[in-house]
Structures are given as C-alpha cells and as structure tokens.
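Student: I have a chain open and want to go through its helices and how they pack. Can we start with the overall layout?

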Amino acid sequence: SLSHKVSATQQAQRLICLTHHSRPAFDDNVIRAYKVLRDAGLTGKMHNELLRGLLVGIPPVISEKILERIACKDVDVVPQPLFYGNVLTCLVAHDYKKHTELLYKELGTICDRGVCDALLHLLSQVGE
C-alpha cells in the first residue's frame with residue numbers, strides 16, 4: 001500500500017541519518033535502509049523520494065542539479081551499489097554546504113554571499 005511505502009521511505013531515511021557517513025556504522029545503516037525499501041517494493045520513484053528527503057536543507061538550485069544527475073526513472077530497479085552512491089552523494093552535499101557556510105562565517109565581510117554561493121556550486125560539481 002502507498003502508506004506502507006511512505007513509511008518505509010521515512011524509516012529508511014531515519015536509518016541513513018543515524019550516523020555521519022564517515023563513521024563505520026553508516027555502511028550497515030545504509031544496507032538496513034536498502035533492505036527496508038526493497039522489502040516494501042523499492043522502485044526508482046521510492047528511491048527518488050528518499051533522495052529528495054535527504055536533500056532537504058540544500059539550496060534548490062543545487063539539489064535539483066544533483067537530482068538531475070542521480071535520479072532514477074520511476075519504474076527502475078535500484079541496485080544496492082547505486083543506492084549507496086546516490087545516498088552518499090546527498091549526504092556529502094550537506095557537508096559541502098556546512099563547510100561553505102563556515103567559510104562564509106569565517107570570511108565575514110571580506111567576501112560577499114555571492115562568492116560563497118558560487119563556491120558551494122563549484123563544490124557540488126566535484127566528481128562530475
């Protein structure tokens with residue numbers, strides 16, 4: 001049912017966000033999240049819904065670019081390595097945002113917001 005899929009997506013997101021992606025337990029949490037979604041009938045649509053949830057807080061101009069590159073078609077099968085890589089991409093985007101905000105704060109009035117936004121944009125393209 002639809003409510004089961006929504007709750008599975010929410011449960012998967014909760015599992016993924018339990019630990020920072022740099023911690024050893026992260027890999028196990030992503031595997032558990034994948035199994036929750038797989039057992040609920042994981043489709044590209046559910047996967048994309050999860051990615052959108054993981055990108056909350058990222059500026060839309062950045063999150064939309066990320067989704068353009070990593071989103072699956074609604075009916076796609078989502079293999080675990082792809083799932084892991086896409087989840088990690090969303091979480092690393094948050095790290096870039098945090099580091100850019102810290103840089104902006106550190107630079108204070110030396111640098112205007114536009115420069116920091118441009119830096120965030122460039123950082124988000126790393127690995128393209």
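Tutor: This is a predicted model. Its secondary structure comes to six helices and zero strands.

Student: In what order do the elements run from the N terminus on?

Tutor: The order is α-α-α-α-α-α.

Student: What share of the residues in the chain is buried?

Tutor: Buried residues account for 34% of the 128 residues.

Student: And of the contacts between residues at least 6 apart in sequence, how many join residues at least 24 apart?

Tutor: The figure is 69%.

Student: On to H5. What should its 28 residues span, and what do the end C-alpha atoms give?

Tutor: Helix H5 covers residues 80-107. The expected span for 28 residues at 1.5 Å a residue is 40 Å, and the end C-alpha atoms are 40 Å apart, so the two agree.

Student: Which residues of H5 are buried?

Tutor: They are Phe83, Asn86, Val87, Cys90, Leu91, Ala93, Asp95 and Thr100.

Student: How does H3 sit against H5, parallel or antiparallel?

Tutor: The axes of H3 and H5 cross at roughly 15° and come within 9 Å. An angle under 35 degrees counts as roughly parallel, so H3 is roughly parallel to H5. The crossing is right-handed.

Student: Which residues meet there?

Tutor: From H3, His47, Leu50, Leu51 and Leu54; from H5, Phe83, Asn86, Val87, Cys90, Leu91 and His94. By class, that contact has seven nonpolar, three polar and no charged residues.

Student: Same for H2 and H5, please. What is the angle?

Tutor: Helix H2, residues 25-39, packs on H5 at about 120°, with the axes 10 Å apart.

Student: Why is that pair called oblique?

Tutor: Angles of 65 to 115 degrees count as roughly perpendicular and those over 145 as roughly antiparallel. The angle of about 120° falls in neither range, and H2 and H5 are therefore oblique to each other. Their crossing is right-handed.

Student: Which residues make the contact?

Tutor: On the H2 side they are Phe26, Asp27, Val30, Ile31, Ala33, Tyr34 and Leu37, and on the H5 side Gln80, Phe83, Tyr84, Val87, Leu88 and Leu91. The split is 11 nonpolar, one polar and one charged.

Student: What about H6 against H5?

Tutor: Helix H6 takes in residues 113-124 and packs with H5 at about 155°, axes 10 Å apart. That is over 145 degrees, so H5 is roughly antiparallel to H6. This crossing is right-handed.

Student: And which residues meet?

Tutor: Tyr96, Lys97, Thr100, Leu103 and Tyr104 of H5 meet Arg113, Cys116, Leu119, Leu120, Leu123 and Ser124 of H6. Seven of these are nonpolar, two polar and two charged.

Student: Now some single residues. Is Asn48 buried or exposed?

Tutor: Asn48 is in helix H3, residues 44-54. Its relative accessibility is 4%, so Asn48 counts as buried.

Student: What is Asn48 in contact with, leaving aside neighbours within four places in sequence?

Tutor: Asn48 touches Ala71, Cys72 and Asp74.

Student: Last one: where is Ser7, and why does Ser7 count as partly exposed?

Tutor: Ser7 lies in helix H1, residues 2-16. Its relative accessibility is 34%, and partly exposed runs between the 20% and 50% cut-offs.

Student: How far is the C-alpha atom of Ser7 from that of Ala40?

Tutor: The C-alpha atoms are separated by 9.4 Å, with Ser7 and Ala40 33 residues apart along the chain.

Conventions
Residues numbered from 1 in each chain as written. Predicted model: local features only at pLDDT ≥ 70, side-chain atom pairs only at ≥ 80, totals over all residues. Heavy atoms only, no water. Axes fitted to C-alpha atoms, helices over the stretch in contact; angles between N-to-C directions. Helix = DSSP H or I, 4+ residues; strand = E, 2+ residues; numbered from the N terminus. Left-handed = near helix turned anticlockwise from the far one by under 90°. Contact = heavy atoms within 4.5 Å. Nonpolar A, V, L, I, M, F, W, Y, C, P; charged D, E, K, R; others polar. Buried < 20%, exposed > 50% of the residue type's maximum accessible area, 1.4 Å probe, protein only. Expected span 1.5 Å × (residues − 1).
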